Amino acid sequence: MIPAPFSYVAPTSVDEALAALAEHGDDAKILAGGQSLLPVLRMRLNAPEWVIDLGRIDSLRGVRDAGDHLVIGAMTTHHDVLHDPLVAEHAALITAAATDLADAQVRHRGTFGGSLAHADPAGDLGAPVLALGASFVIAGPSGTRTVPGTEFFVDLFETAIGDDEILTEVHVPKHTGWGAHYEKFVRVAHQWPIVAVAAAVRVEGGTIEHARIGLTNMGSTPLRATAVEEALTGQPLTADAVRAAAQHAADGANPPSDLNGDASYRSHLACVLTARAVLAAGGADG
Amino acid sequence: MTTTATEIGRDRRRKEDQRLITGRTRWTDNMTLPGMLHLAMVRSPFAHARITSIDTSAAAAAPNVVSVVTGAELGEEMGVLINAWPITPDQVAPVHTPMAVDRATFAGEIVAVVVARSAAAARDAAELVDVEYDELPAALDLKEAAADTVLAHPDLGTNKSAYWVFDSAAAGTGGDVEEAIGTARADGIVIEREYRQQRLIPAFMEPRSVVVDPTGEQLTVWSATQIPHILRFAMAATLGIPESKLRVIAPDVGGGFGGKLQTTPEEWLAVVLARRLGKPVKFTETRSESLISGHHGRDQWQKLTLAATKDGTVTGLKVELLADLGSHVSLVGGGVPVLGAFMFNAIYKFPAYHFACQTVLTNKTWTDAYRGAGRPEATFAIERLMDELAAELGVDPLVVREQNWIKHEEFPFTTVAGLEYDSGNYEAATARAKELFGYDELRAEQQRRRDADDPVQLGIGISTFTEMCGLAPSRVLGQLDYGAGGWEHASVRMLATGKVEVITGASAHGQGHETAFSQIVADRLGVAFEDVEVLHGDTQIAAKGLDTYGSRSLVVGGEALVRAADKVIEKARPIAAHLLEASVEDLEFSGGTFSVRGTDAGMAIGEIATAVFAAHNLPDGVEPSLDSDATYDPVNFSFPHGTHLCAVEVDTETGRVRMRSYVCVDDVGNIINPLIVAGQVHGGLVQGIAQALWEEAVYDDSGTLVSGSFVDYLLPTAADTISFEIDHTTTPSTTNTLGTKGVGEAGTIASTPAVVNAVVDAVRHLGVHDIAMPCTPERVWRAIHMSSSAEGADQ
Amino acid sequence: MTRISLTVDGQQVVDDVEPRMLLVQYLRERLGKTGTVIGCDTSNCGACTVHLDGRSVKSCNVLAVQADGSEVTTIEGLASNGQLHPVQEAFRECHGLQCGFCTPGMIMQSVDLLEENPDPTEQEIRLGLEGNLCRCTGYHNIVRSVQAAAKGATS
């Protein structure tokens, strides 16, 4: 089915894009990779008057090393993130999540920033990015501002990005040498995760020194399982210890109920999957 | 040069594939005609609502809109959709108009149609049609609807459509089931279960599409349908168009699985509007439209009582069904459970059987045939029950099956449902399947995992199934009040150049008829495979036919083809004798050549065709044509069978089921093309497995289809399935020349119970004896969890 | 209307299109490239898969205007000089299709998969095709087809 009619502009710089946003504001939708937006437009669940396509802004693409963190351009495709050696080395948790994200065709078009800005709580990138303590660079009419992950995700499909702003970069602190695993639970492969857990751990001599855990689809935003992180710190990387700590995984979460499982089942899954993710991240056999 | 006597049984690569792999296809939606207009449907968002007003003015004024029509406006002009199988004389059925007039009866029913110069303009304008509804209480839940608490059609006064009964005592095919149950209650085993056959969606990959061209003397309809001939008949019967003025073409059709065995509102409206406007029109549905308004399948509650002796000999089965028709009684929807009625006894020879089915109207999308149509439901029930009986007895489920099945020396065997099974060998198929599967090793591993309390448990599922294929002997259909016969037609035309055109009334949509039928004719006539062209799916070319469903094309259509080819040979024989200056008695036909016994003289059938074309030297009184027709009405059904064994791993911590291995040994009789047969089995298996594990059409409390897109209606992908190990035993059918039995539905029928039996088997030791389909992780986990907490409560 | 210029199956084309027109609609309705088909409206089925600048994409999930300046290859442009692509050959040889409606997308995605990973395991093939739905084959012979193409077993 064809979307409702709209006008289209494809700026070639962030400034041009911001100018277009300033002009069309409320009536505009930003098109990044389009892998979530276009189905919505085709089903006519949304009918913006303007579509502002960021696809011609080359400066928003790519991954670079910025010392203690990586800078991932908002328009970098999932495929490029997945195959980026810097990401693999310093933010393996993102590589792990990108591996499982949607399918090959979607990864070729979909973008890192687009997915995060879309803020679907079932999206695969929110949890790992949140877990790694990433911050978000947002450009607006009065310059750029940087927002921590804890403030970026506001609610279902809602972020800190204002109507006149654009997400340009995500800064991901390096977690070099950390073990990482993304444990995704689906019924069929092309499904959004029912629950997923992103875990990065730093293990020294069999002991978990640090753990960072993010949860996908356990509430209206991606969540950080801080209680589990704390409970894991200093624990041996053993199945018993990790499972005990993971019992807190769903604390404070407010998961949805749908055809794939009700909230209590999702909470149960979160605990099981957290233990598996941590053990896999640490290199232990589940 | 191809050798001609060995086509049957050969792995021929398909003739169809060249166009399909290069994109040179003729899907209906590819059609464009000059001045063609496009339709967009406005559909009710409510399951049940009175239409109080429809304002079409804004839509009519939108750019490039040609017309906007409502049901009230079209009135009788739009005709009605037919129910070809009223299963009882007093069946209650609402009039089925293609578009709602004053009341919408399911969410998705058409309430207005926009006609515009482009599909985009039609869709844009459809958004502008302003319909006001008064929402009415909707009959949604099948059991509640059966109690008439809320009426789907208040004017009918009841939701109960038809009550159909088969009783072996009454029919004289067996004993009294109540007596058997009474005896078993006193001194035997009674297993009582209730199973849900969830609602499924056929989900063929090509969305339905229809193009109608009214220009000229004839109305031409292209449709993505399985049934061009039935469609033509139904349109002629209800739209007042002489059948002779109606040409229906099913071009390349992208799958059906029963889902395109339908006469649809969209086809009717396209014809009506094309005639009205005098221009070609096209309608192609979106996937969402397809899922909400194309017919669904299954949707039954099955209440089952199985009686057995203490040693495990089954003595009777009582089946009480509720079947959800949806909002209307569609083409053959009411008859689907009746097709199942003859299959609950399956391969077993118990002596008493009672089947009763209540069909029920609800405010949901109508149901009709979906791959297997009635037979998967029946097979599921009996194969689950046999596992339950085995569990009750504490014996291997294969043992209890063997104890009860028809032994191979007992064929032909008349069943308690009154069918005559001509052939079968369940022992051979089972022995081969066990061997391929490594049955004993897997049982040992299962025990080890149980003993170790492994979080991942292994389950083994069995399904020893049979089905009735080759629909159908017309006389039987008549006895069942079906509105048509079950014959099939074929023509063989010998062209002047020696090439052969074969015309079949079967209408393929992925089955590979062009290839398999070429093989049959090539063998029969002794011509090259490449020299045979199979034509189908156009009522002007294949004037007679009853189309493709019910695993009938090869068994019935193939037999018609054999008979037509044999007639060609017989027509050629006197001509050959004349040309060879020999007597007919001295001729023999072999490898495509008539030869004179005891001499080197001979003539190929192609040469005779050339001579007939010239017609210079034919015997007196012989017509210059070898072309022949045959219409074949089967004398019996065919009964493929097989043993399917499935191993699954169940993650008891999450409830997730993983397929580990699947072995099936099917007996489909003689095989024309093993490659095609294997493909049919693979695809059938996955559809059946999908019912067991993934798919369900779910409505919410307001009657909205929640699983109304591929985001929520979960078709499996390659990543969710496994490779299968398949093999065959061959017990030729005795009822057709080729000895074939049909294979289109076998995999789907057999695999669902095999998988659910495996899932239950994996966790039976944890106190679980049933899990509703689809066996979602949550359901599996809850089944384990609830039974273990129940055990806790007992302590 | 927006003017776009692109190359489709080796042919340069220039057209004015509505911005809302999907690439798949442009291919089918404007260029008559009906080999590429539409199977769903949620981008789950992958039947419309084509190559956009050398990578597989779902052409229902790309606007025609987004393809401006790009190179598109469809199922109709895969064979060259009358020679089928090895993946096309393999699908025929291994009976990797039945009704054939998902086939253009399956083949285009399989080609992409093998370009990225010329020697995939069975599991890698299955995961690589997770964006393409087939209702006929049960995927068994599709997987065999990709394996055969990878091995170059077809001739």
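The following questions and answers concern a predicted model and take up its cysteines, one hairpin, one interface and several single residues.

User: How many disulfides does the rule count over all chains, and why is none assigned to B:Cys469 or C:Cys134?
Analyst: In this predicted model, the sulfur of B:Cys469 has its closest cysteine sulfur in B:Cys664 at 15 Å, which is too far for a bond because a disulfide needs the two sulfur atoms within 2.5 Å. For C:Cys134 the closest cysteine sulfur belongs to C:Cys102 and lies 3.8 Å away, again too far for a bond. B:Cys469 is buried at a relative accessible area of 0%, and C:Cys134 is buried as well, at 8%. Over all chains, the number of disulfides is zero.

User: In what sense do strands E3 and E4 of chain C pair, and over how many bridges?
Analyst: Strand E3 of chain C covers residues 49-52 and strand E4 of chain C covers residues 55-58. One of the bridge partnerships joins C:Thr49 to C:Lys58 in E4(C). The pairing of E3 and E4 is antiparallel, over four bridges.

User: Which residue in the hairpin of E3(C) and E4(C) takes a positive phi?
Analyst: Most residues other than glycine have a negative phi. The hairpin has two residues between its strands, and the residue in question is found in the loop between E3 and E4 of chain C, where a relative accessibility of 48% makes it partly exposed. Its phi is near 50°, although it is not a glycine. The residue with this positive phi is C:Asp53.

User: How much area do chain C and chain A bury between them?
Analyst: On the side of chain C, 33 residues are in contact with 30 residues of chain A. Carbon and sulfur atoms account for 52% of the area buried between the two chains. The total that chain C and chain A bury between them is about 2,700 Å².

User: Which residue of chain C forms a salt bridge with A:Asp103?
Analyst: The rule finds two salt bridges across the interface of chain C and chain A. In the one that involves A:Asp103, the closest N and O atoms are 2.7 Å apart. The partner of A:Asp103 in chain C, which is also the bridge partner of C:Thr49 in E4(C), is C:Lys58.

User: Which element gives the most to the side of chain C that touches chain A?
Analyst: Between chain C and chain A there are 16 residue pairs in polar contact, with both residues at pLDDT 80 or more. E3, E4 and helix H3 (103-116) of chain C each supply at least two residues of the side that touches chain A. With four residues, the element that gives the most to this side is E4(C).

User: Which backbone oxygen does the side chain of B:Thr22 reach?
Analyst: B:Thr22 has its place in helix H1 of chain B, residues 17-22, and it counts as buried at 8% relative accessibility. Leaving aside neighbours within four places in sequence, B:Thr22 is in contact with C:Ile75, C:Glu76, C:Leu84 and C:Gln88. The backbone oxygen that its side chain reaches, at 2.7 Å, is that of B:Gln18.

User: Where in chain B is B:Ala472 found, and what is the omega of the cis peptide bond that joins B:Leu471 and B:Ala472?
Analyst: Most peptide bonds are trans. B:Ala472 is placed in the loop between strand E18 (456-466) and helix H16 (474-479) of chain B. Another cis bond runs from B:Met773 to B:Pro774, with omega near -10°, and B:Pro774 is found in the loop between helix H21 (746-763) and helix H22 (777-794). For the bond that joins B:Leu471 and B:Ala472, omega is about -5°.

User: With which residue does the side chain of B:Glu73 make a polar contact of 3.2 Å?
Analyst: B:Glu73 has its place in helix H3 of chain B, residues 71-74, and is partly exposed at a relative accessible area of 44%. B:Val101 is 28 residues apart from B:Glu73 in sequence, with 8.4 Å between their C-alpha atoms. Not counting residues up to four places away in sequence, B:Glu73 touches B:Val68 and B:Arg276. The residue whose side chain makes the polar contact of 3.2 Å is B:Arg276.

Conventions. Residues are numbered from 1 along each chain as its sequence is written. Chains are lettered from A and ligands numbered from 1 in the order in which they are written. This is a predicted model: local features need pLDDT of at least 70, side-chain atom pairs count only at pLDDT 80 or more; totals for chains, interfaces and linings use all residues. Side-chain values use heavy atoms; hydrogens and water are left out. Buried means under 20% relative accessible area, exposed over 50%, partly exposed in between (1.4 Å probe, protein chains only). Two strands pair if DSSP finds at least two bridges between them. Contact means heavy atoms within 4.5 Å. Buried area is the accessible area (1.4 Å probe) that two parts lose on being put together, summed over both. A salt bridge is a side-chain nitrogen of Lys or Arg within 4 Å of a carboxyl oxygen of Asp or Glu. A polar contact is a pair of N or O atoms within 3.5 Å; within protein, one must be able to donate a hydrogen and the other to accept it, and residues adjacent in sequence count only if both atoms are side-chain atoms.
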